[in-house]
Amino acid sequence: MKNILEVENLKGKKVLLRLDLNVPIENGAIKSDFRIRKILPTIDFLQKQGAKIIILSHIGREKTNTLEPVFNYLKNKINLTFVEDILCDETKKIVEKMNNGDIILFENLRKYDGEDKNDDSFTKTLAAFGDVYINEAFAFSHREASSVVGLPQYLPSYSGILFKKEVEMLSQSFNSPHPSIFILGGNKFNTKLPLIEKFLNRADFVFVGGALVNNLLISKGLEVGMSLVAEGKFDLSGLLSNKKLVLPVDLVVNKNGSVVVKPVNEIASDEIILDIGHETILKLKKIIEGAKFILFNGPLGDYTKGFDRATSSLVEIIANSGAESVIGGGDTVACISELGLEDKIGFVSTGGGAMLEFLLNEDLPGIKALNNSKIKA
Ligand code: 3PG
């Protein structure tokens with residue numbers, strides 16, 4: 001991938017900068033600014049180069065979701081204009097009048113059907129606004145959207161500064177120092193099973209927590225009560241006999257409305273698993289303290305019900321371990337920010353689904369599109 005830092009003259013060039021400003025919003029306010037903070041150096045770099053910056057992003061999954069809260073946040077840090085309708089004639093005029101260093105933020109690309117459909121005429125409309133394309137949206141690069149895989153067909157295309165770092169840092173886990181541990185939580189067992197299998201071949205330990213573990217426990221013949229279980233038939237016998245697989249030894253459960261901790265083999269049919277227990281955290285602590293590399297994605301407890309204790313404890317243990325660490329996933333990252341531990345983690349990825357897909361395939365549609373781009377500057 002050609003990176004934007006390798007480009008010599010961006011002065012006066014209209015740069016289409018694809019960011020992932022898909023940040024959590026609550027009552028019109030930004031709940032976590034992590035993704036925005038991470039791309040500010042890229043905007044600063046382009047402004048110093050004298051580029052005219054046109055920011056493209058989506059937010060949420062609905063056409064009606066707006067980037068306005070992000071605009072309000074950004075305007076306290078940088079001077080920029082918000083353009084609500086990309087397709088109207090006035091927008092062309094606004095772009096034509098841009099001076100070097102000016103910044104425009106286009107409204108949520110998902111307002112237009114063409115974005116998610118990678119519609120060619122929508123891509124051409126976007127491409128007409130720019131001279132150069134930069135993908136600085138690693139976290140969205142698993143999506144075959146117009147602004148990710150379409151634009152590199154029409155413009156000289158480069159990866160962004162953070163994009164390159166994401167690829168480099170996540171790639172460490174393919175050849176990490178040993179001993180290493182991969183900790184995977186959250187749900188979506190169907191999607192994450194191949195990742196568990198892959199890392200059993202790469203890491204020295206693979207710990208599975210969150211709702212993911214429920215299918216494994218059932219396959220071991222254990223009761224998981226009324227906990228969330230992925231549907232489908234899975235042959236997990238090979239996986240369960242792998243000595244590198246680490247499973248919880250105790251669990252926090254909801255027992256008739258009260259929260260209790262129980263050994264993993266004592267869950268009753270009317271109980272719901274909410275988090276991993278203290279004994280399990282101690283077991284993980286021991287492994288982490290001896291590890292040279294830690295990869296962690298997905299919460300270990302039910303975040304939707306506020307069960308974040310195990311995830312927080314683990315983040316603290318990792319931060320204090322001194323080992324190389326790479327952590328990602330929305331809830332896990334929110335936990336790191338709340339604890340103020342971002343600086344003590346080796347690398348915190350902006351990617352959720354994109355991080356998992358990259359870890360599995362060592363590639364993403366957005367990376368392929370940049371590598372296949374034949375358009376010369
Ligand atoms: C993310 O937040 O993981 C990306 O922005 C992708 O968003 P999506 O799952 O709505 O496509």
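Tutor: A polar contact is a pair of N or O atoms within 3.5 Å. With that cut-off in mind, we can look at this predicted model, beginning with its ligand.

Student: What makes the pairing of arginine 61 with the ligand a polar contact?

Tutor: A polar atom in the side chain of arginine 61 lies 2.5 Å from an oxygen atom of the ligand, and because the limit is 3.5 Å, the pair counts as a polar contact. Asparagine 22 can be judged in the same way, with a polar side-chain atom 3.0 Å from a ligand oxygen, and so can arginine 110, where an N or O atom of the side chain is 2.7 Å from an oxygen atom of the ligand.

Student: Which residues surround the ligand?

Tutor: The surroundings are formed by Asp20, Asn22, Arg35, His58, Arg61, Arg110, Ala139, Phe140, His142 and Arg143.

Student: Turning to the helices, why is α7 called oblique to α14?

Tutor: The axes of α7 (residues 161-171) and α14 (residues 353-361) come within 10 Å and cross at roughly 50°. Such an angle is neither under 35 degrees, nor over 145, nor between 65 and 115, and therefore α7 is oblique to α14. The crossing of α7 past α14 is right-handed.

Student: Which residues of α7 and α14 meet, and how do they divide by class?

Tutor: From α7 come Val167, Leu170 and Ser171, and they meet Met355, Phe358 and Leu359 of α14. This contact of α7 with α14 holds 5 nonpolar residues, 1 polar residue and no charged ones.

Student: How do you know what to call the arrangement of α8 and α14?

Tutor: The axes of α8 (residues 189-202) and α14 also come within 10 Å, and their crossing angle is roughly 45°. Because this value too lies outside the ranges for roughly parallel, roughly antiparallel and roughly perpendicular, α8 is oblique to α14. In handedness, α8 passes α14 in a left-handed crossing. Lys192, Pro194, Leu195, Lys198 and Phe199 of α8 meet Leu356, Leu359 and Leu360 of α14, and by class this contact of α8 with α14 has 6 nonpolar, no polar and 2 charged residues.

Student: Why is α11 called roughly parallel to α12?

Tutor: The axes of α11 (residues 278-290) and α12 (residues 309-321) come within 10 Å and cross at roughly 20°. Because that angle is under 35 degrees, α11 counts as roughly parallel to α12. The two helices, α11 and α12, cross in a right-handed sense. Their contact joins Ile281, Leu284, Lys285 and Ile288 of α11 to Ala310, Ser313, Leu314, Ile317, Ile318 and Ser321 of α12, and the residues of this contact of α11 with α12 comprise 7 nonpolar, 2 polar and 1 charged.

Student: What makes the backbone at lysine 188 worth a remark?

Tutor: Most residues other than glycine have a negative phi. Lysine 188, although not a glycine, has a positive phi of about 60°, and this residue, lysine 188, is placed in the loop between β9 and α8.

Student: What kind of peptide bond joins histidine 178 and proline 179?

Tutor: Most peptide bonds are trans. The bond joining histidine 178 and proline 179 is cis, with omega about -5°, and proline 179 has its place in the loop between α7 and β9 (180-184).

Conventions
Residues are numbered from 1 along each chain as its sequence is written. This is a predicted model: local features need pLDDT of at least 70, side-chain atom pairs count only at pLDDT 80 or more; totals for chains, interfaces and linings use all residues. Side-chain values use heavy atoms; hydrogens and water are left out. Axes are lines fitted to C-alpha atoms, for helices over the stretch in contact, and angles run from 0 to 180 degrees between N-to-C directions. Helices (H or I, at least four residues) and strands (E, at least two) are DSSP runs, numbered from the N terminus. A crossing is left-handed if the near helix is turned anticlockwise from the far one by less than a right angle, and right-handed if clockwise. Contact means heavy atoms within 4.5 Å. Ala, Val, Leu, Ile, Met, Phe, Trp, Tyr, Cys and Pro count as nonpolar, Asp, Glu, Lys and Arg as charged, and the others, Gly among them, as polar. A residue is near a molecule or strand if one of its heavy atoms lies within 4 Å of it. A polar contact is a pair of N or O atoms within 3.5 Å; within protein, one must be able to donate a hydrogen and the other to accept it, and residues adjacent in sequence count only if both atoms are side-chain atoms.
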